[in-house]
Amino acid sequence: MDMIENNKLLLLSCCAPCSCAVIKTLAEKGESFDVVFYNPNIRPYTEYLKRRDENERVCRRYGIDFIELEYDNEQWCKLTKGLENEPERGARCFVCFYMRLKRVMEYAKENGYRAVGSVLGVSRWKNLAQVNAAAEQAATETKVAYVDIEGRKNGMQELRSRLIKELELYNQNYCGCKPLIKQEEK
């Protein structure tokens, strides 16, 4: 489906702490958008559920529709095989960003969204240029526009920190992937 049925943006969110300021700001500006949670990199599964639930709670607070796509950690592991020892911001991160953005862009195209944006580069632990490069590659392949979302500058970091405290958000201490995982934690 190439025809745009609505004028909505689809915002890929990794977690509530990274997305809360962006969601609040877009909602208050009256932007038309939905939030999608596609994070097959998050392990263990109990951690995935905590992050999903917190993200959904933030969306409910601001009246934003929340979409959860499939949890496909097995596919994520296949794509990142051999990159387990890469450092943060290394090659594994690029592959991870690309996988997630491409899947979300495919969903956006199938469901008539005008574009995709993400908060994958909001954390200071992430490389925004790397996220944008992965998005550009996925956008070229899917023919879905990517909107660069700024979530660090112009007071966004301060708003984010305030909202994490104000909303008492669960704030994890790692990105999501744990390259070496015990079988029972899946």
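This passage describes the fold, the surface and selected local features of a predicted protein model.

The protein contains six helices and five strands. From the N terminus, the elements follow the order β-α-β-α-β-α-α-β-α-β-α. The C-alpha trace spans about 45 × 40 × 30 Å along its principal axes. The radius of gyration is 16 Å. A compact globule of 186 residues would have a value near 16 Å, so the protein agrees with that expectation.

Burial and contact order were examined next. Of the 186 residues, 51% are buried. Contacts between residues at least 6 apart in sequence were also classified by separation. Of these, 80% join residues at least 24 apart. The exposed area of the protein is about 9,400 Å². Carbon and sulfur atoms supply 48% of that area. The protein carries 30 positive and 28 negative charges. The mean positions of the two sets lie 4 Å apart.

Helix 5 covers residues 128-142 and has 15 residues. Its first and last C-alpha atoms are 21 Å apart, close to the 21 Å expected at 1.5 Å a residue. The buried residues of helix 5 are Gln 130, Val 131, Ala 134, Ala 135, Ala 138, Ala 139 and Thr 142. Their cover includes helix 4 (91-110), strand 4 (115-118) and strand 5 (146-147).

Helix 5 is followed by a loop that leads to strand 5 and holds Lys 143. The phi of Lys 143 is near 65°, a positive value in a residue other than glycine. Lys 143 is exposed, because its relative accessible area of 67% is over the 50% cut-off. A second positive phi in a residue other than glycine occurs at Arg 89, near 75°. Arg 89 sits in the loop between helix 3 (73-80) and helix 4. Its relative accessible area is 39%, so Arg 89 is partly exposed. Most residues other than glycine have a negative phi, and most peptide bonds are trans.

The backbone also contains a cis peptide bond, from Arg 43 to Pro 44. Omega of this bond is near -10°. Pro 44 belongs to the loop between strand 2 (33-37) and helix 2 (45-61).

Arg 43 is also among the contacts of Trp 76. Trp 76 is part of helix 3. With a relative accessible area of 2%, Trp 76 is buried, because the value is under the 20% cut-off. Neighbours within four places in sequence were left aside in listing its contacts. The remaining partners of Trp 76 are Pro 40, Asn 41, Arg 43, Arg 92, Cys 96, Met 99 and Cys 177. One of these, Arg 92, falls within helix 4, which runs over residues 91-110. Trp 76 and Lys 153 are 77 residues apart in sequence. Their C-alpha atoms are 31 Å apart in space.

Gly 63 lies in the loop between helix 2 and strand 3 (66-68). The relative accessible area of Gly 63 is 61%, and the residue is therefore exposed. Gly 63 and Ile 23 are 40 residues apart along the chain. Their C-alpha atoms are separated by 9.8 Å.

Terms used. Residues are numbered from 1 along each chain as its sequence is written. This is a predicted model: local features need pLDDT of at least 70, side-chain atom pairs count only at pLDDT 80 or more; totals for chains, interfaces and linings use all residues. Side-chain values use heavy atoms; hydrogens and water are left out. Helices (H or I, at least four residues) and strands (E, at least two) are DSSP runs, numbered from the N terminus. The radius of gyration is taken over C-alpha atoms; the globule rule is 2.2 Å times the number of residues to the power 0.38. Buried means under 20% relative accessible area, exposed over 50%, partly exposed in between (1.4 Å probe, protein chains only). Contact means heavy atoms within 4.5 Å. Accessible areas come from the Shrake-Rupley method with a 1.4 Å probe; for residues, only the protein chains shown count as cover. Lys and Arg count as positive and Asp and Glu as negative; His and the chain ends are not counted. The place of a charge is taken as NZ of Lys, CZ of Arg, CG of Asp or CD of Glu. The expected span of a helix is 1.5 Å times one less than its number of residues.
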